[in-house]
Amino acid sequence: MSKLKIALQKSGRLSEKSISLLGECGIKFPNGGGKLISESSNFPIEILFLRDDDIPQYVEQQVVDIGIVGENVFLESQKNINIIEKLLFSACRLSLAVPKEISYTGPDFFNNKRVATSYPNILKAYFQKNNIHATIEVISGSVEIAPGIGLADGICDIVSSGSTLLSNGLKEVEKILNSQAVMVATQNLDADKQLILDKLLFRIRSVLKAKENKYILLNTPNKQLEKIIRILPGMNSPTILPLAKEGWSSLHSVISEDKFWDIIDELKEAGAEGILVVPIEKMIL
Ligand code: PRT
Ligand code: ZN
């Protein structure tokens, strides 16, 4: 029977979350021991642990069928592979930064300047689109020290909290792209492997959907029920159970977490009490 091959980052910012995503999908495999290949005991999948920069090429060459990388790495690689799912973790952005004392007025600043980066392809495309003529200095690590040692006038690098820029006397001036971990796949998957991938994607989507949503329970006087139902857009329609207390009901529904914070005051105003919000483990739609 055929097995799907997936490449995960061996050790780095994506490793732990990639492994736990598979775990949340019920996929078990022996982990640790610095092994390069691992086979699941309960799902037809084989895992290869690689450096993240190598993953797009391995997928393109079909050494593996799918992989998990940052969108930034996918775009920079320029390989003929597809993003099949955004995985909602390891969010960051690729930005241009300059020494903080520069009075920056716009992207034109970079004309005739030197910019250090590990993302020459993405940066080149950005400069072309904005008609900027700059020299790109390609370096593979510690990009943030380049202006300080006189190698460049600015940098283009991944920013998350912004503290690396700050501690190197730099400020973020342009965001080039937003990134998150994505699942990439070869463009030529045979039918057997496609079936396994569909099964995996179904599980992944159930896990991701559950993370974005919360289960909400609240008590309400019956006369306020209709109003509260209108405030709470549920998965379908909410469950309503009578309370032992005369004239009161308990209402259960599913709601996206962001929306919940917007409507909490409305719910209280409408008479909802004892509001509980609980995480959902899996959500099958
Ligand atoms: O060894 P390997 O090549 O596999 O790993 P790597 O060192 O190339 O990558 P790794 O593990 O650092 O990052 C993997 C992926 O995580 C990246 O491709 C991004 O998609 C994503 N990611 C999320 C980040 C960050 N956040 C991040 N903060 N990648 C790098 N950083 C670095 C950034 O380069 C800078 O040095 O962290 C610093 C900035 O962070 P803040 O919080 O100070 O702004
Ligand atoms: Zn890397």
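**Charges and loops in a predicted model**

Visitor: Where does serine 90 lie?

Guide: Serine 90 sits in the loop that joins strand S5 (82–86) to strand S6 (92–99). Keep in mind that this is a predicted model.

Visitor: What makes the phi of serine 90 worth a remark?

Guide: Its sign. Serine 90 has a positive phi of about 50°, yet it is not a glycine.

Visitor: Why does serine 90 count as partly exposed?

Guide: Its relative accessibility is 22%. Buried means under 20%, and exposed means over 50%. Serine 90 falls in between, so it is partly exposed.

Visitor: Which phi does asparagine 131 have?

Guide: A positive one, near 55°, again in a residue other than glycine. Asparagine 131 is in the loop between helix H4 (120–129) and strand S8 (135–138).

Visitor: Is asparagine 131 buried or exposed, and why?

Guide: The relative accessible area of asparagine 131 is 57%. The cut-off for exposed is over 50%, so asparagine 131 is exposed.

Visitor: How many salt bridges does the whole structure hold?

Guide: A search finds nine. One of them pairs lysine 211 with glutamate 24.

Visitor: Why is the contact of lysine 211 and glutamate 24 called a salt bridge?

Guide: The closest N and O atoms are 2.7 Å apart. The definition asks for a Lys or Arg side-chain nitrogen within 4 Å of a carboxyl oxygen of Asp or Glu, so the pair qualifies. Lysine 211 belongs to helix H6 and glutamate 24 to helix H1 (residues 15–24), a link between distant parts of the chain, 187 residues apart. Both partners are partly exposed: lysine 211 at 45%, glutamate 24 at 30%.

Visitor: What makes glutamate 85 and arginine 205 a salt bridge?

Guide: Their closest N and O atoms are 2.6 Å apart. That is within 4 Å, so the test is met. Glutamate 85 is in strand S5 and arginine 205 is in helix H6, 120 residues apart.

Visitor: How do you know whether glutamate 85 is buried or exposed?

Guide: Its relative accessible area is 15%. Buried means under 20%, so glutamate 85 is buried. Its partner, arginine 205, has 41% and is partly exposed.

Visitor: Which side chains does a salt bridge bring together from strand S6 and strand S10?

Guide: Arginine 93 and glutamate 172 meet at 2.7 Å, N to O. Arginine 93 is in strand S6 and glutamate 172 in strand S10 (residues 170–179), so parts 79 residues apart in sequence are tied together. Arginine 93 is partly exposed at 23%, and glutamate 172 is partly exposed at 31%.

Visitor: Which residues gather in the patch of negative charge on the surface?

Guide: Glu212, Asp258, Asp262, Asp265, Glu266 and Glu269. Helix H8 (residues 257–269) gives the most, with five residues. Glutamate 212 is placed in helix H6 (residues 191–212).

Visitor: What makes glutamate 212 partly exposed?

Guide: Its relative accessibility is 38%. That lies between the 20% and 50% cut-offs, so partly exposed is the right label.

Visitor: What feature does UniProt place at residues 51–205?

Guide: The unreviewed UniProt entry gives "domain: ATP phosphoribosyltransferase catalytic" there. Over residues 51–205 the chain is 28% helix and 30% strand. The end C-alpha atoms are 25 Å apart.

Conventions
Residues numbered from 1 in each chain as written. Chains lettered and ligands numbered in written order. Predicted model: local features only at pLDDT ≥ 70, side-chain atom pairs only at ≥ 80, totals over all residues. Heavy atoms only, no water. UniProt positions renumbered as here; feature names shortened; annotations may be inferred. Helix = DSSP H or I, 4+ residues; strand = E, 2+ residues; numbered from the N terminus. Patch = residues over 30% accessible without salt bridge, like charges linked within 9 Å, V, L, I, M, F, W, Y side chains within 5 Å. Areas by Shrake-Rupley, 256 points an atom, 1.4 Å probe, with all protein chains shown as cover. Lys, Arg positive; Asp, Glu negative; His and termini not counted. Charge placed at Lys NZ, Arg CZ, Asp CG, Glu CD. Buried < 20%, exposed > 50% of the residue type's maximum accessible area, 1.4 Å probe, protein only.
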